[in-house]
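Here is a quick tour of pockets and charge pairs for someone who thinks at the bench. Have a look at the sequence and the fold, then read on.

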Amino acid sequence: MKRELLNRIYYVGVNDRQKTLFENMLPLPYGVSYNAYFIDDEKTVLVDTVEQPFAEQLLAHVQELLAGRELDYLIVNHMEPDHSSGIKTLQAIYPNMQIVANAKTIEMLGGYYGIREGFHVVKDGDSLNIGSRTLQFHFAPMVHWPEVMVTYSIEDKLLFSADAFGCFGTLDGAVLDTELNLDKYYTEMVRYYACIVGKYGAPVQTALKKLGGLEINMICSTHGPVWTEHIGEVVGIYDRLSKYETEPGVVIAYGSMYGHTEEMAEMVARGAASVTKNVVLHDVSRSDHSYILADIFRYKGFICGAPTYCGELYPNAATLLAKIKTRGVKNHEFGCFGSFTWANATAKPFEAFAEVMKWEITGYVEVKQSMTAEQAEALYELGRAVALKTLEK
Ligand code: FEO
């Protein structure tokens with residue numbers, strides 16, 4: 001889509017409605033956009049590209065805007081291939097464009113694409129005058145790769161923010177937050193953050209503090225809407241998530257083969273629901289884990305239950321725990337429950353998980369074969385106890 005945002009700055013990104021799994025893992029029920037931006041000044045500038053299969057679309061927009069002129073600069077804020085794999089297509093048509101990049105980006109451009117010259121190298125805080133405006137580069141390492149930088153147009157008070165403040169969801173006929181129903185983007189922003197940026201809470205906090213001194217009227221991310229009137233909300237979402245701040249509530253994620261562990265989960269849920277309305281039950285074999293992670297980033301309580309399987313924790317539950325570990329989720333109230341038929345192998349993996357996460361275990365209940373009345377009561381109490389803890393400051 002080609003669309004002027006302000007003062008000859010154009011949106012020139014694309015919608016991807018083909019891909020079913022982002023990073024070949026994360027479902028895309030609403031698709032995803034790869035956003036790029038064109039600045040038409042005394043110098044012509046493209047900010048980021050798009051994933052290679054869509055590069056011709058991007059090129060067509062850029063060629064139309066250039067109307068026969070040269071492309072002077074390509075700014076590479078982020079090297080992940082959803083934004084950089086279109087570079088070769090651009091470079092083939094505009095071989096003289098200068099690639100504005102930092103040292104880490106240059107190393108990756110060589111490694112990924114064999115590009116070893118034609119750079120305008122920038123350091124943290126450097127500026128580039130392109131005519132009527134000055135672009136300033138601020139490094140934001142690990143948001144979400146080490147080379148990431150953001151570009152600030154001083155005169156426009158506009159931030160090209162790379163992945164930061166991005167979300168899943170195509171841009172259906174419009175680009176600005178003021179022109180779109182934002183419900184799905186806010187929900188998908190939490191899932192996007194939890195799954196993609198979730199491990200990097202501290203670097204996100206560093207970047208937010210660093211950028212806090214800039215006056216920003218428009219945020220142009222690489223995914224999702226361009227933010228104008230709702231900047232406060234999206235910065236608030238990123239700030240809260242990167243501090244691992246949560247709401248009272250409990251996520252119960254369970255695995256079950258024949259329904260016995262699911263019955264246990266139901267009792268846990270009843271206990272939790274006696275305290276709070278915010279109770280979410282996920283079957284680890286049915287719910288895509290990206291949605292479970294999003295809920296875990298949202299709610300303070302997490303209770304996991306699983307059967308013993310081949311002398312270990314049920315694999316789909318173990319996989320979920322590994323994904324939580326990968327993201328270094330902090331500050332959760334944790335409980336667990338396990339089942340077995342002849343030898344229990346659930347207690348130790350849960351203990352090991354809690355130790356790595358530095359989470360205290362509020363309670364653990366085990367059931368051999370099927371649940372007794374006493375065990376049902378203990379499970380109810382487990383749900384209740386964790387939910388109560390999530391209400392504490
Ligand atoms: Fe959308 Fe980290 O790339």
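## The second largest pocket

Three helices, α5 (183-197), α7 (231-242) and α9 (289-298), each put at least two residues into the lining of the second largest pocket. Helices here are DSSP runs of H or I with at least four residues, strands are runs of E with at least two, and both are numbered from the N terminus. Helix α5 has the largest share of that lining, with five residues. The full cast is Y186, T187, E188, V190, R191, I237, R240, E247, Y291, A294, D295 and R298. Sorted by class, that makes five nonpolar, one polar and six charged residues. (Ala, Val, Leu, Ile, Met, Phe, Trp, Tyr, Cys and Pro count as nonpolar; Asp, Glu, Lys and Arg as charged; the others, Gly among them, as polar.)

Domain 1 (3-242) and domain 2 (250-390) each give at least three residues to this lining; the domain bounds come from an automatic or database assignment. The space inside comes to about 270 Å³. A pocket, on a 1 Å grid over the protein atoms alone, is an open set of points where a 1.4 Å probe fits, with protein on both sides within 12 Å along at least five of seven lines, and lining residues have an atom within 4 Å of a point. The volume is the space filled by probe spheres set on the points, which are joined across faces, edges and corners.

## What you're looking at

This is a predicted model, so keep the cut-offs in mind: local features need pLDDT of at least 70 and side-chain atom pairs count only at pLDDT 80 or more, while totals for chains, interfaces and linings use all residues. Numbering runs from 1 along each chain as its sequence is written, and side-chain values use heavy atoms, with hydrogens and water left out.

## The largest pocket

The largest pocket has a volume of about 350 Å³. Its lining has 17 residues, with M257, P307, T308, F340 and T341 nearest the centre. Class by class, the lining holds eight nonpolar, nine polar and no charged residues. α8 (260-273), β19 (299-309) and β21 each supply at least two of them, and β19 gives the most, with three.

T308 deserves a second look: this residue sits in strand β19 and is buried, at 17% relative accessible area. (Buried means under 20%, exposed over 50%, partly exposed in between, using a 1.4 Å probe and protein chains only.) The T308 side chain reaches the backbone nitrogen of A345 at 3.1 Å.

## Salt bridges

How many salt bridges does the structure hold? The count is 17, where a salt bridge is a side-chain nitrogen of Lys or Arg within 4 Å of a carboxyl oxygen of Asp or Glu. One of them joins the side chains of D124 and K210 at 2.8 Å, N to O. D124 is in the loop between β11 (119-121) and β12 (127-129) and K210 is in helix α6 (residues 201-211), so this pair ties together parts 86 residues apart in sequence. Both ends are partly exposed, D124 at 39% and K210 at 36%.

K389 pairs with E333, with the closest N and O atoms 3.8 Å apart. Since K389 belongs to helix α12 (residues 373-391) and E333 to strand β21 (residues 333-340), the pair ties together parts 56 residues apart in sequence. Here K389 and E333 are both buried. K243 and D239 also form a salt bridge, at 3.2 Å between the closest N and O atoms; K243 is partly exposed at 35%, and D239 is partly exposed at 24%. Finally, R8, D40 and R69 are linked in a salt-bridge network.

How values were computed. Polar contact = N/O pair within 3.5 Å; in protein donor to acceptor, adjacent residues only side chain to side chain.
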